[in-house]
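Student: I have a protein model open, and I would like to learn how to read the empty spaces and the helix packing in it. Could you guide me?

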Amino acid sequence: MYKIQTLNKISAKGLDLLNHDRYEYASEIINPDAILVRSQDMHSMEFPATLKAIARAGAGVNNIPVEKCSAKGIVVFNTPGANANAVKELVLLAILLSSRRIYPGISWVKSQAGSGADIKALVEKHKSAYVGPEIRGKRLGVIGLGAIGVMVANDAVALGMDVWGYDPYISVESAWGMSRSVKKSTSLDSLISESDYITLHTPLNKDTREMMNAGKFGMMKKGARLINFARGELVSHADLREALSNGTVSFYVTDFPTDDIVIMDNVIPVPHLGASTPESEENCAIMAVNQLVDFLESGNIHNSVNFPECVLPFSGKKRLVVANRNVPNMIGQITPMLAEHKINIADMLNKSKGDYAYNIIDVDNGADETVLGRIMGIEGVLMARLI
């Protein structure tokens, strides 16, 4: 029986997928085979030798010590796209909020509390201070065309916007899902310089950190609106302050509020609510559980952040899975060892991702704990398991 530890409240629709004859799950499980988590910080946790995988019911994995897990051969999963619709709806709302001045208008109306019968006349008199343009016919630049970016682009087209996208690394799956009405921008700079609204949907890495900086703001149309529901660090706050003060950016909407930007004029700080819908929590839990089950029962890896995508239909009597450092001659050491034990390989798959690699080896005969122990003794092998 597999033991699953839950570190947060996980949707019952996900947990119900765990066969009670094969799985035990609880928050107080000792020596779990896997962990299901949402937002709990795991950086100070000690991981038992039994732990094989961690599945985050959500996209970001900042709360998980990924490198520590990788070094131990622990596979870390996330659920990209499971909350995409929920985030997309917030982004569309942000575009409208940035345009129609609804947020400052509501704040002003609430400040008139106590005006009694005069409030109706006051609101009518001052409504011109909150005039904002319609989004129909305006150009939206979508930077990053993953699951969320594509959904935003498609629905913005449906709302009548002129949508342009930029993503040099767009996947085939995303390309298939994108409306033909979304136009491809030839460069990031041209998209930024020609858009009335810009929404960010890129991952945070060394190349994208503070990608929206003084240089990029200098290219923008005067009065452009910037939406950031991806990562706060994609925008230089110091340069944003200047762009807001000189009117280059008329509004900035983000769900990554920080102490310095919440006091800036024309910033609409939204709580981080992207996955905070019942539907999103259910989708993330279902996806996370399905990935864990497939890994524990079949050794397949789908949507891991630290090990490669590795999926192989079961073709032998037993399956050997091995995680190792991505160094030369690992297969050259494993397969001769199997041959020594007269173990026939029915099928195998080897994939690598950065510093790490993963192998699925289906065998017809002879694989046992002795063979597993020998494979674990190979320098660079991080995990070996027999299914």
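Tutor: Happy to! A cavity is a set of grid points where a 1.4 Å probe fits but cannot get out, and lining residues have an atom within 4 Å of a point. Keep in mind that this is a predicted model.

Student: Which residues line the largest cavity?

Tutor: Rolling a probe the size of a water molecule over the atoms shows where empty space is left. Here, the largest cavity is lined by Ile4, Leu18, Tyr23, Leu36, Val289, Leu292, Val293 and Leu296. The space inside is about 30 Å³. Helix α11 (residues 278-298) provides the largest share of this lining, 4 residues.

Student: How many of the lining residues of the largest cavity are nonpolar, polar or charged?

Tutor: The lining has 8 nonpolar residues, no polar and no charged ones.

Student: How much space lies in the second largest pocket?

Tutor: A pocket, unlike a cavity, is an open set of points. The second largest one holds about 230 Å³. It has 14 lining residues, and Ala49, Thr50, Leu51, Lys72 and Met383 are the closest to its centre. Strand β16 (residues 381-386) gives the most to that lining, 4 residues. By type, the lining has 9 nonpolar, 2 polar and 3 charged residues.

Student: At what angle do helices α12 and α13 pack?

Tutor: Helix α12 (residues 330-340) packs against helix α13 (residues 369-376) at about 150°, and their axes are 10 Å apart. An angle over 145 degrees counts as roughly antiparallel, so α12 is roughly antiparallel to α13.

Student: Which residues meet there?

Tutor: From α12 come Ile334, Met337, Leu338 and Glu340, which meet Val371, Arg374 and Ile375 of α13. This contact has 5 nonpolar, no polar and 2 charged residues.

How values were computed. Residues numbered from 1 in each chain as written. Predicted model: local features only at pLDDT ≥ 70, side-chain atom pairs only at ≥ 80, totals over all residues. Heavy atoms only, no water. Axes fitted to C-alpha atoms, helices over the stretch in contact; angles between N-to-C directions. Helix = DSSP H or I, 4+ residues; strand = E, 2+ residues; numbered from the N terminus. Parallel < 35°, antiparallel > 145°, perpendicular 65-115°, else oblique. Contact = heavy atoms within 4.5 Å. Nonpolar A, V, L, I, M, F, W, Y, C, P; charged D, E, K, R; others polar. 1 Å grid on protein atoms, 1.4 Å probe; cavity = no way out; pocket = protein on both sides within 12 Å on 5 of 7 lines; lining within 4 Å. Points joined across faces, edges and corners; volume = space filled by probe spheres on them.
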